[in-house]
Every structure is written in C-alpha cells, then in structure tokens.
Amino acid sequence: MVGRDSTGARYSPLTQITPENVNQLTVAWVYHMKPAPGTGATQPGSTTSSSFHQSEDQPLVIGTTMYVVTPYSRIVALDSATGAEKWVFEIPDGDNASMRGCAYWPGDATSGPSIIFGTRLGRMYSISAVTGQLNSEFGTNGMVNLKTPEVMTTGMDKSYILPSPPVIYKGLVITGAGPGEGPGGALGGVGPAGDTRAWDAHTGKLVWTFHSVPRPGELGHESWAGDSWKDRSGVNVWGHMTIDEARGILYMPFGAPNNDRVGVDRPGDNLFGTSLVAVDVNTGKLLWYFQVVHHDIWDIDTQSPPTLFDVKHGGKIIPAVATVNKNGLMFILDRVTGKPIYGVVERPVPASNVPGEKTSPTQPFPVLPEPLSQTTLSRSNLYKDTPEHQAWCERYVDDNNMLLGDLYTPPALDRYTVVLPGTQGGVNYYGGAFDPKLGLFIANVNNLAQPVRVIRNADGSYINSGPLAGVVRFWNPTNHLPCGPTPWGELVAVDVNTGKIAWRSTLGVTDSLPEGKRNTGRPGLGGAIVTASGLVFIGATDDSRFRAFDARNGKEIWTVKLPASAEATPITYTANGKQYVAVVATGGGLIGAKLASDSLVVYSLPDANGAVVSRTAQSSPRAPQASPTVKAPPTVATPQLMKQLSASDLALFPMGPGRETTLRVCSGCHSVSTIATQHLDPQEWNDLVQVMAGRGAVASDAEFDQIAAYLAKSFPKHTTSAPAAHR
C-alpha cells in the first residue's frame with residue numbers, strides 16, 4: 001500500500017543500496033505518463049493539450065508489477081524492472097484519478113486481487129490487478145458513486161472528490177473525502193459532508209459511516225454552537241489514514257471546518273475539526289480523539305499520515321502514534337488511549353479582532369519535541385543575506401502594513417497578517433518516515449509564510465480576500481524568494497525515545513542566488529522514505545533535485561537533478577534481485593514549482609552495459625470497458641449558478657470566451673473574488689489551473705485549457721515588480 005504498510009512509517013527493509021554506494025546510482029528507466037498522440041486516450045483534449053499535468057503519485061509495486069496512477073485519465077501496470085506496459089485502464093468520461101495514488105486489495109477465496117482508486121468526479125473504481133478490467137460485481141459495472149445523498153446534503157451538483165487513496169483492511173475499503181474548501185454558501189461553510197466511510201471490497205456496498213461533524217446525541221456535538229453543525233463542510237480526511245492492524249484501530253487525520261479562515265458562524269471548538277481520531281476499524285465506533293487546533297481559523301488541518309511506532313520511555317515500550325502538521329508541532333500519543341507521552345500544555349493565544357469571531361483562548365502545545373519548523377516572524381528576522389532581496393522584503397512588509405506574528409496570531413480584519421508557518425509551512429499531507437533501528441522520526445518541513453486578510457462582504461459575512469491573500473506566498477512572486485528567515489526548507493529527525501531533536505539538515509538550494517548564498521533550503525511537497533541500510537530518500541523541493549541523506553546524522557550524500565520537481569514521495573523495491581528507487585517528477589503544485597514534465601524516474605545501481613530505457617505511454621491492447629451510468633459535469637455555467645454568484649463577483653470577470661466555464665468550475669472550491677485578485681503570466685495561469693484540476697476541479701482537459709486562456713487574458717501579470725498591494 002502507499003507508504004508500504006498500514007503504519008505509515010515508510011520504512012523499507014532493503015539494504016542493497018547503502019550510504020557507501022548510493023553515489024553510484026544511475027537512471028535505470030524512465031516512463032513518460034502523458035499519452036503519445038494517437039493512442040486513443042479517452043480524456044478530452046489529452047492528446048492535443050500542450051500542457052503537462054501534476055502528479056503526487058506513489059506507485060505501488062506488487063510482485064513484478066508496478067501500478068501507476070497517471071494524471072492523464074489512465075491507470076497503467078508496468079513491468080517493475082523495465083517500465084514496459086502490461087495493461088492500461090482508461091477512465092471513462094474524461095475523469096481523472098486521485099493524484100496521490102491507488103490502493104491494492106489482495107482479494108480472497110472468492111475474488112481476485114484488485115486496484116481501487118477514487119476520481120475527481122466523486123467515483124471509486126475497482127479493477128483487476130491482473131488484467132486492468134473492471135470488477136463488474138463492485139458497485140455498478142465496477143464503480144461506486146461516492147456522491148450519495150447522505151454526504152451531498154446541499155445538492156448533488158457540488159464538487160466531491162477522493163483526494164488520497166483509500167486504505168484497505170481485510171475486506172473493507174475505507175475512504176476519506178474532498179468536499180472543497182473555502183466559502184460554501186450563505187453561512188460561509190455549508191456543503192458536502194466530510195464523513196469517513198467504509199465499503200465492502202467485494203460489492204462496494206456501504207458498511208459504516210463516521211460523522212466528522214457530530215450530530216445531536218453524538219460525542220462532540222456540543223462543540224458546535226446552535227445549528228452551526230448543520231450542512232457543515234470541511235472536517236474531512238483529505239490525506240492518508242493508517243491502521244494498527246493487530247488492535248483493529250483506524251487513525252483518521254481530519255482537516256479544518258469550512259470556511260477555513262473565518263469561524264464567525266461556527267462558535268465552539270468544532271470537533272472533530274483539525275483532530276486525530278481513532279475508531280474501531282470494523283465498525284467506525286469512536287475510541288478516542290485528540291484535537292490539534294481548537295476552532296481552527298488558520299487552515300492548519302491534521303492531514304499527515306498518523307505514523308505508528310513504539311516508544312521506549314520510562315522503562316516501558318509504549319505503542320505510539322505521531323501527528324505532525326502545518327503548524328510545525330509534533331504530538332506523540334499513546335496509540336491505544338490517545339494520551340500524550342511527553343505531555344501537552346494549553347497555552348494562551350491572542351484573540352481575534354474580527355467582529356463575532358470567538359477564538360479559543362488557548363491552544364495545545366507539546367512539551368516535547370520542540371517545534372519542527374520556525375514559529376515566529378517579525379520585522380527583525382526577515383531575510384537578510386542579499387541586500388537586494390532584503391530591501392524588497394522590507395518594502396513588501398512596510399508598504400502593505402503587514403502584521404507579522406507568532407503561531408496562532410489570528411487573521412486580522414482589513415490588514416494582512418503573516419505568521420510562521422503558513423498554510424504551506426510546517427509539515428503537509430506527506431508526513432514523516434520512521435527508522436525503527438535508530439528510533440528516529442524524519443520529516444521535511446517548510447519555513448514558509450502566507451499573507452491572510454479578512455474582509456467583510458456586502459452581505460455581512462467575512463472572507464479571506466485581497467491581492468496577496470489568494471495563493472500568493474510570503475515571497476517575491478517574480479523569483480519565489482521567500483521573505484522569512486532561512487532555512488526555507490529543512491529535513492528534521494526526532495528521537496522518539498527522548499522527544500528531542502536528533503539533527504536538522506538544510507533541504508534544497510536556491511539556484512538564482514549568488515555562489516555562497518544558495519544553501520537556503522527550499523519549499524517542498526512530498527515526503528521521505530527510510531531504508532534499513534540507513535538511507536533517507538527525498539525529492540519534494542522546488543529546485544528539481546532528488547537526494548539521499550545518511551539517517552544517522554542527516555548528512556546529504558547524494559544529489560541528482562530531475563526533469564522537474566518531485567512533489568511526490570519516492571518508493572523503493574526489488575525486481576530480479578536488484579533494488580530500485582523511483583519517484584514521480586512533474587513539478588507544479590502549490591509551492592510554485594514549474595509544471596515541466598510527465599516523468600516517472602527509476603534509479604538503480606548500474607548494470608555492466610549502463611543502458612537506460614525511456615518509455616512513452618503507448619496504446620496497449622485492452623478489452624472494451626463498460627462505462628458507468630453517471631452523467632458527466634455540465635460544460636456551461638447554469639442559470640442557477642449565475643444567480644448564486646453576487647453581482648460584485650460577476651463584475652470582476654470580463655466577458656469573453658471561457659467566462660462561464662471559469663465561473664462554473666472555479667466557484668466549486670473557492671470564492672471567485674479570490675481568483676480575480678491574482679495576476680499571472682500565461683504559463684503560471686496554466687500551471688495553477690492544472691493544480692486545481694488535480695485537487696478536484698471538475699472539467700475536461702479542453703475546458704481547463706479554455707479556463708487558463710481566459711484567465712491569462714483577463715488577469716495578466718503586472719509589469720511592475722514593486723511590492724505594494726495596490727499595484
């Protein structure tokens with residue numbers, strides 16, 4: 001499974017590649033995921049679009065077969081030693097699979113092994129792992145529609161995806177949810193439910209549901225004042241879940257409620273928002289919970305895989321689970337009881353100045369370990385290493401009257417607020433890896449901030465909005481140089497038996513800076529793996545490198561350049577007695593890396609002939625697939641949608657080809673006014689649109705091309721590089 005096993009430790013027992021020979025690794029083969037023209041791919045526009053698509057896939061290797069979820073409406077099975085295609089499954093209706101991968105079910109006495117995955121149209125497919133054919137007994141013709149009335153409480157037309165692979169336990173397929181983010185209606189956060197559900201792996205029938213927002217009579221319901229629980233969206237597992245198989249416990253990392261920057265309409269702590277929740281994996285019955293953030297208005301989420309390991313502490317071996325998040329804090333808990341092993345204290349935090357916002361007076365902080373990332377930002381610790389960028393950052397802060405603060409400084413009303421870490425800071429969905437020999441939990445962190453500004457809408461509601469409050473990070477947008485203190489990216493190891501930091505290493509270089517000043521670290525997405533030989537492999541960073549570190553001391557011992565940034569977690573496996581290391585490298589994503597490739601790159605120790613095979617996705621023989629009977633999304637904005645959008649929102653978007661498609665697709669997850677505040681060049685708009693496609697925006701490839709063209713024409717990049725927001 002993704003992460004190798006259900007613990008989330010991402011630890012491999014392989015030892016052929018060692019710290020002593022890792023620098024001999026060479027490219028063994030490359031697979032290009034984008035279909036070549038004329039392959040017959042069914043996705044509209046997939047063979048003609050000039051753009052690449054982002055992928056965060058972690059391939060699965062079962063026996064001698066590698067299963068790859070491509071961002072081109074195709075699941076492919078490859079020979080794991082050569083990259084040759086064994087079979088191809090083309091997803092019907094121009095749909096696309098979840099970009100973080102698939103799950104494998106080994107089957108049983110009555111069913112063969114299966115590959116199970118979700119899609120951005122809210123479907124879940126089961127196909128034969130041997131042939132790539134639909135398993136007809138699963139749901140309807142091999143497909144289950146996840147958009148059921150029980151979760152689509154505000155209408156079946158809303159966006160709903162499966163952002164990450166399901167987890168498999170015996171005969172159960174357990175799914176998280178992707179109901180969208182940001183404002184969802186008149187109250188600011190209504191929409192599809194973020195419930196976790198379990199399905200029968202044979203038939204696709206629903207087995208149990210865990211209500212992520214407790215209903216009347218359920219534990220935690222009182223943490224939602226009044227009727228704020230009704231139709232509340234968010235509070236969903238959009239990352240990876242893990243399982244203690246011996247004890248039958250499922251660990252669910254829940255994200256923040258919607259609206260994720262304003263909680264005026266949801267007073268209370270808002271369980272199970274931004275919480276780690278343990279349930280009986282067979283029934284979904286609650287066992288315990290730990291809330292990482294009370295009444296989350298920072299979009300911190302609890303999205304990383306809860307990592308399972310044993311802690312040797314106080315003369316005992318304690319079964320533990322760790323959660324690390326965007327706030328840079330790591331909580332190590334007893335995985336049976338949920339009690340902190342090294343202690344947690346509730347510390348006072350500032351109150352919000354947004355009228356009606358009732359922030360929690362305290363937030364939980366672990367006694368140990370210390371924060372993995374930086375948690376303080378001030379005028380005095382802005383970047384200072386090169387005079388030009390230092391001056392730019394100081395003007396950026398001063399000209400925009402930015403409020404710089406510590407972790408849990410609330411977003412201010414009518415003023416840009418910037419804290420460390422921001423929404424792409426700390427540890428994201430990928431989480432960490434665990435080396436049981438060394439007792440080290442190893443994770444990469446981003447020291448990256450994000451401007452936020454709360455404003456009041458004409459209808460009296462509040463929203464995060466403004467030219468700097470969309471997807472703009474706390475950096476110079478022309479060169480992606482952050483303004484916070486370095487290192488901007490780190491690899492950090494925690495000794496779980498003491499709770500202390502074992503080592504820190506700078507992760508990433510800034511090629512655009514002068515010699516001697518490039519060792520800054522870089523923002524990254526995607527995690528690390530650890531091997532029994534003592535190696536840590538990681539891509540992640542936006543500098544398009546793939547690296548290996550010595551797990552004992554954090555020393556970087558191998559680095560190669562990739563065709564694009566590898567914003568995915570690598571894997572390692574054996575085939576024909578040889579150990580391989582593979583990583584998907586497409587670029588793109590929310591750290592601003594250029595979307596530049598479609599490559600899966602595979603490394604091994606060199607053969608005698610040193611030959612490298614580069615394979616392009618081809619048309620492979622396959623039997624016709626039965627198409628599920630679910631309607632594809634509408635291709636134009638409906639009158640109902642146009643009525644829902646305010647006149648002020650509509651006025652922001654000039655008339656022209658692609659306007660209605662843009663409004664329909666982009667209003668599914670965000671406030672359209674946020675989109676209109678961005679000004680990017682055509683390539684940047686295209687990359688951003690592809691990122692949104694991978695995160696659940698519903699459209700065909702041809703429509704995404706149309707949206708990118710419309711946005712580039714309507715909201716071109718400013719010619720000035722001055723930092724003031726009014727420009």
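## A walk through the model, residue by residue

Start by selecting N270, which you'll find in the loop between β16 (249–253) and β17 (275–280). Keep in mind as you click around that this is a predicted model.

Is N270 buried or exposed? With a relative accessible area of 1%, N270 counts as buried, because that value is under the 20% cut-off. Now show what surrounds N270. Leaving out residues up to four places away in sequence, N270 touches S223, W224, P257, Q291 and H295. Pick Q291 from that group: Q291 sits 21 residues from N270 along the chain, and their C-alpha atoms are separated by 9.4 Å. Before you move on, add R266 to your selection. The side chains of N270 and R266 make a polar contact of 2.8 Å.

**Next stop: the nonpolar cores**

Here's a handy bit of background: in soluble globular proteins, nonpolar side chains tend to be buried together. Which residues have the most contacts inside the largest nonpolar core? Select F309, M330, I332, F441 and I442; they hold that spot in a core of 43 residues. Then colour the elements that give two or more residues to this core: β19 (307–313), β20 (316–324), β21 (330–334), β26 (433–435), β27 (440–446), β32 (489–495), β34 (528–531) and β35 (535–538). The top contributor is β27, with five residues.

Zoom in on I332 for a while. Apart from its neighbours within four places in sequence, I332 is in contact with a list of residues that includes F309, V311, A320, V321 and A322. Also on the list for I332 are K339, P340, I341, Y342 and P369.

There's a second, separate core too, made of 22 residues, and W224, W229, V237 and V281 are among them. You've already met W224, as one of the residues that N270 touches.

**Now for the salt bridges**

How many salt bridges does the count come to? The count is 24, and you can visit a few of them.

Select D93 and R123. Their closest N and O atoms are 3.0 Å apart in a salt bridge. This pair links distant parts of the chain, 30 residues apart: D93 is in the loop between β6 (85–90) and β7 (103–105), while R123 is in strand β9 (residues 123–128). Turn on the surface and compare the two partners. D93 is partly exposed at 35% relative accessibility, whereas R123 is buried at 0%.

Move to D299 and K326, a salt bridge whose closest N and O atoms are 3.6 Å apart. D299 lies in the loop between β18 (286–291) and β19, and K326 in the loop between β20 and β21, so this bridge ties together parts 27 residues apart in sequence. Both D299 and K326 are buried.

Then jump to D398 and R379, whose side chains meet at 2.8 Å, N to O. D398 is in helix α1 (residues 387–399) and R379 is in the loop between β23 (362–366) and α1, so parts 19 residues apart in sequence are tied together. D398 is partly exposed at 43%, and R379 is partly exposed at 37%.

Fancy a network? Select D244, R247, D310 and R335 together, since salt bridges link these four.

**Last stop: R74**

Finish at R74, in strand β5 (residues 74–79). R74 is buried, with a relative accessible area of 0%. Show E90 as well, and you'll see a polar contact of 3.5 Å between the side chains of R74 and E90.

Definitions and conventions. Residues are numbered from 1 along each chain as its sequence is written. This is a predicted model: local features need pLDDT of at least 70, side-chain atom pairs count only at pLDDT 80 or more; totals for chains, interfaces and linings use all residues. Side-chain values use heavy atoms; hydrogens and water are left out. Helices (H or I, at least four residues) and strands (E, at least two) are DSSP runs, numbered from the N terminus. Buried means under 20% relative accessible area, exposed over 50%, partly exposed in between (1.4 Å probe, protein chains only). Contact means heavy atoms within 4.5 Å. A polar contact is a pair of N or O atoms within 3.5 Å; within protein, one must be able to donate a hydrogen and the other to accept it, and residues adjacent in sequence count only if both atoms are side-chain atoms. A nonpolar core is a set of buried Ala, Val, Leu, Ile, Met, Phe, Trp, Tyr and Cys residues joined through side-chain atoms within 4.5 Å.
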